[in-house]
Amino acid sequence: MKYAIIKRGIFAVLGAAVFGGALLAAGCSTENKAEGTEYGTLKVSCTADGSIDAASDDTSRMPAAPSVPQAGDFTLTVTGESGTQKWDTLAEFEQSETVFRMGAYTVSVAHGDPDAEGAGKPYYYAEQKIEVLPRRTVNADLTATVANSQVVIRATEQFLAYFHDARFTVTTASGNEFAFTPGSDPADEPVFVKGGTRLTVTGTARRQSQTGTDEGPKVTFSEQTLEATSTRTCHIFTFDAKDAGSVTLTVTLSDDYTETRQIDCEVNEGAIDDTK
């Protein structure tokens with residue numbers, strides 16, 4: 001299941017070729033040519049697609065769709081044999097009326113920081129290879145999609161009935177830590193993490209008190225890892241306790257990928273283990 005917001009916009013530059021005089025700015029080439037026969041122009045169309053794989057059998061628990069930038073807010077980068085040129089926005093590119101020497105180029109658009117991790121930090125990216133021909137306009141039609149990942153930790157009703165004060169931490173390969181408290185109100189929202197990053201999940205909780213006079217024994221769950229996140233995907237870690245004293249973790253990446261793991265629970269030293 002995917003949730004999506006799509007915004008579309010078209011930004012064109014028809015750059016002017018000057019005949020019989022000096023040529024205007026030559027894109028990746030700074031040479032001036034009196035004749036405009038070696039240069040062409042570029043027209044860029046950008047679409048932003050906020051779709052993310054987020055499988056769930058409960059639509060009320062689906063994560064909110066990420067914010068989708070306006071097409072004109074994307075940065076534009078054009079790379080050719082003679083170098084790279086970048087514009088902060090497509091609107092700036094439109095106004096520049098840049099022309100390009102004939103040849104092969106890679107056109108890319110981006111929005112956000114690919115290394116940023118945290119809530120509300122989607123990163124969008126798309127690229128396309130083009131061939132500039134003399135005195136022609138070449139079209140680059142790009143659809144920028146979410147190029148980083150999301151993660152969230154949840155717990156089933158059975159888990160929350162058997163455990164309380166559950167606290168989990170997700171640590172990324174970059175060293176960033178994100179805290180989750182399943183059962184909280186409002187519910188935890190997914191956070192964005194780098195695509196292809198390693199995730200480590202640690203956590204503790206308390207079992208229900210058997211005497212009614214204490215908080216119940218505190219337990220530490222065995223560390224769990226996911227070697228690499230998938231881009232454009234919400235990674236859902238769901239803790240469950242179908243049987244007393246038995247905890248499982250279901251890792252869901254999409255409707256096509258679900259992994260269930262048995263989780264070891266270590267009772268902290270000094271606590272009373274109510275499973276014995």
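Me: Is glutamate 259 buried, partly exposed or exposed, and what is its relative accessibility?

Reply: Happy to start there, with the reminder that this is a predicted model. Partly exposed covers the range between the buried limit of 20% and the exposed limit of 50%. Glutamate 259 falls in that range, so it counts as partly exposed, with a relative accessibility of 26%.

Me: Which residue meets glutamate 259 in a salt bridge?

Reply: Side chains of opposite charge can pair when their charged atoms come close. Here the N to O distance is 2.9 Å, and the cut-off is 4 Å. The partner is buried, with a relative accessible area of 16%. The side chain that meets glutamate 259 belongs to arginine 261.

Me: How many salt bridges are there by this rule?

Reply: A pair counts when a side-chain nitrogen of Lys or Arg lies within 4 Å of a carboxyl oxygen of Asp or Glu. Glutamate 215 and arginine 206 are one such pair, at 3.5 Å from N to O, and arginine 206 is partly exposed at 21%. By this rule the count comes to six.

Me: How many residues apart are lysine 194 and aspartate 115?

Reply: The side chains of these two meet in a salt bridge at 3.6 Å, N to O. Lysine 194 sits in the loop between β14 (191–193) and β15 (199–207), while aspartate 115 sits in the loop between β8 (103–111) and β9 (124–132). The pair thus links distant parts of the chain, with a separation of 79 residues.

Me: Now for the rings: is the pair of phenylalanine 159 and phenylalanine 168 stacked, tilted or edge-to-face?

Reply: The structure holds 14 aromatic pairs, so let's take this one by its geometry. The ring centres are 6.4 Å apart and the planes stand at 45°. Planes under 30 degrees apart would be stacked and over 60 edge-to-face, so the pair of phenylalanine 159 and phenylalanine 168 is tilted.

Me: Which strands hold phenylalanine 163 and phenylalanine 221?

Reply: Their ring centres are 5.5 Å apart with planes at 75°, so this pair is edge-to-face. The pair ties together parts that are 58 residues apart in sequence. Phenylalanine 163 lies in residues 163–172 and phenylalanine 221 in residues 218–226, which are strands β12 and β16.

Me: Which residues form one aromatic cluster?

Reply: Both phenylalanine 159 and phenylalanine 168 are buried, and phenylalanine 163 and phenylalanine 221 are buried too. These four belong to one cluster that also takes in a tyrosine and a further phenylalanine. The full list is Phe159, Tyr162, Phe163, Phe168, Phe221 and Phe239.

Notes: Residues are numbered from 1 along each chain as its sequence is written. This is a predicted model: local features need pLDDT of at least 70, side-chain atom pairs count only at pLDDT 80 or more; totals for chains, interfaces and linings use all residues. Side-chain values use heavy atoms; hydrogens and water are left out. Helices (H or I, at least four residues) and strands (E, at least two) are DSSP runs, numbered from the N terminus. Buried means under 20% relative accessible area, exposed over 50%, partly exposed in between (1.4 Å probe, protein chains only). Rings of Phe, Tyr and Trp (its six-membered ring) pair if their centres lie within 6.5 Å; planes under 30 degrees apart count as stacked, over 60 as edge-to-face and the rest as tilted.
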